[in-house]
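Visitor: Hey, got a minute to go through this one with me? Put it up and I'll start asking.

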Amino acid sequence: LTTHGMWGHELYEMWHGMKKRCHDERDRAYRLYGARGIKVCDRWRYNFDLFVADMGERPSGLWIDRIDNDGDYELSNCSNNRRDNVSVVIDGIRYPTIAEACRQTGLSISRINKEYR
């Protein structure tokens, strides 16, 4: 068993809350997440360290954000909070992340990634 020493840290609390609202029927937010079929991917659900490795530290005031609000919590559907995020300009408007550009423009992440490359 790996001890990460982050129990009580806001990043750990965010991870724990994400899992509860998706997988614990007793959680008051379950009806908005788990009951709608939204899950946390196995990689993150069972391993806090992998969640942190994928998402990075949480900048103050930001929370985990899904690109597709009906999709699962998984790397391909989450805006990560890393400093190496890529900002993009579409039609003269700068978006701080590709995930935000997807939300605001309605373009798919694959389309924006293709254009970015």
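Visitor: Among contacts between residues at least 6 apart in sequence, what percentage join residues at least 24 apart?

Guide: That comes to 46% in this chain. Keep in mind that this is a predicted model.

Visitor: Okay, and the secondary structure? How many helices and strands are there?

Guide: The chain has 5 helices and 4 strands.

Visitor: Which pattern do they follow along the sequence?

Guide: Reading along the sequence, you get α-α-α-β-β-β-β-α-α.

Visitor: Switching to surfaces. What does the accessible surface come to, and what share belongs to carbon and sulfur?

Guide: The accessible surface of the chain is about 7,700 Å², and carbon and sulfur atoms hold 47% of that.

Visitor: And how much of the chain counts as buried?

Guide: Of its 117 residues, 38% are counted as buried.

Visitor: Now cysteines. How many disulfides turn up?

Guide: A search of the whole structure gives 0 disulfides.

Visitor: Why is Cys41 not bonded to Cys78?

Guide: Because of distance: Cys78 holds the cysteine sulfur closest to that of Cys41, yet the two are 7.8 Å apart, too far for a bond. A disulfide needs the two sulfur atoms within 2.5 Å.

Visitor: Looking from the other side, what is the nearest cysteine sulfur to Cys78?

Guide: That of Cys41, 7.8 Å away, and Cys78 is in no disulfide.

Visitor: Is Cys41 buried or exposed?

Guide: Cys41 is buried, at a relative accessible area of 18%. The cut-off for buried is under 20%.

Visitor: And Cys78, buried or exposed?

Guide: Cys78 is buried too, with a relative accessible area of 6%.

Key: Residues are numbered from 1 along each chain as its sequence is written. This is a predicted model: local features need pLDDT of at least 70, side-chain atom pairs count only at pLDDT 80 or more; totals for chains, interfaces and linings use all residues. Side-chain values use heavy atoms; hydrogens and water are left out. Helices (H or I, at least four residues) and strands (E, at least two) are DSSP runs, numbered from the N terminus. Buried means under 20% relative accessible area, exposed over 50%, partly exposed in between (1.4 Å probe, protein chains only). Contact means heavy atoms within 4.5 Å. Accessible areas come from the Shrake-Rupley method with a 1.4 Å probe; for residues, only the protein chains shown count as cover.
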